[in-house]
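Here are some comments for a colleague who is new to reading structures, set out as numbered points. Please keep the structure open beside the text and look up each residue as it is named.

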Amino acid sequence: MIRRLPCWLLLFGLGWPPAGATAACDGDGEPVRIERIAFEGNEVTQRITFLRELEFGEGDLVCPRDIELARQAILDLRLFRSVTSDVATLPSGSIVVTYTVRERWYLLPIPRVDASSDADFGYGVSLFWNNIGGLNHRLSVSGVRRELEERTLDNETIIDARYDWRRFLGSRNNLSLTARNSNEAAVAGERRYEDLSTSLGIGLSRQLTRRQTGQGWSLSTSLYWQHGRNEGVEAPPDEGVLTLASVGLGYRDVHSSVYSERGISASVAVSAQVPGVSDYNQSALSGRIARYLPVGERAHQSVHLHAQGATYHGGPQGRRSDAYELGGAGNLRGYEDEFAEGDTYWYAAAEYLRPLYWDWLRGLVVLEAGQVHRANFPEREKDLMLSLGVGLRMRLTWFVDAEVEIGVAYPLLDGDGARGFFGGSS
């Protein structure tokens, strides 16, 4: 089966998940029966959240490696700063396995102040609430207002919300709900008007392999509704309603070491408007792949390889829309924000990370390349872009998936000289 995969997937090491453990321990001791499974240190996380990550239960025969694999599966939830296991043997010969965790802080409010060298300024707040109810649900809400110096926008206000219900109703399905409202003060020549947009989305993904949450193969589908309208005396016609359906296939085999990761993830998705309930045509095809490779003997020293691309077609009649952007702290760090825009793009990056005394602080060297095509503004359709950057990446292990990076990058092709970059994720 692996020989039939495209060679670019083989290059990244993507294959089918390995077969499950056999009944024999293959030289790693003898199978032993588990009398009881216990969890300690979990003040928030519920017992069911742990149990659904294990491939065994009380009364089952297990090997020593199964106990370690379960410890790693719990750590891969990324909800804990550490996970340890302890095995106690009872007089009957059966065992009690205890997993002890150190929980992270699950509520993270972040005031936002955004600024760039292009005289853009923004402010707002973001809220991340992980492990809601101890069930690994997640809520994220953000609101931001930006004052812009662009040819098409004076300012914008955006409110976003997303709720992820993992293991929906105890199944292998994951449910997501999204909502977004934006208000842009738009400019079209001499005209000034309000560009308003409201959108709602619902997505459902199904794990195709019986593995821990978010790992293995998954099939996803979503339905997205958007209403675009324009207000003002000089406003152009409304964009109308778009109802978009999408389907995607993903693979994930990424494992956490708290301060670093190892493994691979990949996905591909296609979307198109739903006929009869959309005022215009729109479609897109996208894909991405990431590989996390430990290198050398130093713990948490690694190389990250990223590649992604997409193409977009259609859109509201009479509206210029560049779907994708390259440049800024999120990608192509050596170029200003939105340096290149278009309806088709590709991007690739190689990152080298090495701890600097502390594991939570790593030095970063990143080489990035990308290109966009089919831009509405010809000057924004750039030739090959190439950027080299150095900096620091800090992982805040008290919170879930919280990282901050800062550094300087230089555009090797075109661009306006060295630029500082600062960003974060959660």
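1. Helix H3 runs over residues 64–75 and so has 12 residues, and from its first C-alpha to its last it reaches 17 Å, which is close to the 16 Å expected at 1.5 Å a residue. Please bear in mind, here and below, that this is a predicted model. The buried residues of this helix are Asp-66, Ile-67, Ala-70, Arg-71, Gln-72, Ala-73, Ile-74 and Leu-75.

2. One of these buried residues of H3, Gln-72, leads on to Arg-262, since the side chain of Arg-262 makes a polar contact with the side chain of Gln-72 at 3.5 Å. Arg-262 lies in strand E13, which covers residues 261–273. Is Arg-262 buried or exposed? Neither word fits fully, because its relative accessibility is 30% and Arg-262 therefore counts as partly exposed.

3. The surroundings of Arg-262 deserve a second look: when residues up to four places away in sequence are not counted, Arg-262 touches Gln-72, Asp-253, Val-254, His-255, Ser-256, Ser-257, Tyr-292 and Pro-294. Among these, Tyr-292 is 30 residues from Arg-262 in sequence, yet the two lie 4.7 Å apart in space, C-alpha to C-alpha.

4. Helix H2 spans residues 47–51 and contains Thr-49, a residue that counts as buried because its relative accessible area is 1%, under the cut-off of 20%. Which residues does Thr-49 contact once its neighbours within four places in sequence are left aside? They are Leu-77, Gly-134, Leu-135 and Asn-136, and in the case of Gly-134 the side chain of Thr-49 reaches the backbone oxygen at 2.6 Å.

5. Aromatic rings form another topic, and a search of the whole structure finds 10 aromatic pairs. One of them is made by Phe-50 and Phe-80, which are stacked, with 5.5 Å from centre to centre and 15 degrees between the planes. Phe-50 belongs to helix H2 and Phe-80 to strand E3 (residues 80–89), so this pair ties together parts that are 30 residues apart in sequence. Both Phe-50 and Phe-80 are buried, and ring pairs link them with Phe-39 and Tyr-99 into a cluster.

6. Tyr-324 and Tyr-345 also form an aromatic pair, but this one is tilted, with 5.0 Å from centre to centre and 40 degrees between the planes. The pair links distant parts of the chain, 21 residues apart, with Tyr-324 in strand E16 (residues 324–326) and Tyr-345 in strand E18 (residues 344–356). Why does Tyr-324 count as buried? Its relative accessibility is 17%, which is under the 20% cut-off, and Tyr-345, at 11%, counts as buried too.

7. Rings can also be found beneath charged groups: the charged end of Arg-333 sits over the ring of Phe-421, 5.5 Å from its centre, while the charged end of Lys-382 sits over the ring of Phe-339, 4.7 Å from its centre.

8. Finally, for the protein chain as a whole, the secondary structure comes to 3 helices and 22 strands, and buried residues make up 44% of its 426 residues. Of the contacts with a separation of 6 or more, 54% are between residues 24 or more positions apart. The chain exposes about 21800 Å², of which carbon and sulfur atoms supply 57%.

Terms used:
Residues are numbered from 1 along each chain as its sequence is written. This is a predicted model: local features need pLDDT of at least 70, side-chain atom pairs count only at pLDDT 80 or more; totals for chains, interfaces and linings use all residues. Side-chain values use heavy atoms; hydrogens and water are left out. Helices (H or I, at least four residues) and strands (E, at least two) are DSSP runs, numbered from the N terminus. Buried means under 20% relative accessible area, exposed over 50%, partly exposed in between (1.4 Å probe, protein chains only). A polar contact is a pair of N or O atoms within 3.5 Å; within protein, one must be able to donate a hydrogen and the other to accept it, and residues adjacent in sequence count only if both atoms are side-chain atoms. Contact means heavy atoms within 4.5 Å. The expected span of a helix is 1.5 Å times one less than its number of residues. Accessible areas come from the Shrake-Rupley method with a 1.4 Å probe; for residues, only the protein chains shown count as cover. Rings of Phe, Tyr and Trp (its six-membered ring) pair if their centres lie within 6.5 Å; planes under 30 degrees apart count as stacked, over 60 as edge-to-face and the rest as tilted. A charge sits over a ring if NZ of Lys or CZ of Arg is within 6 Å of the ring centre and within 35 degrees of the ring normal.
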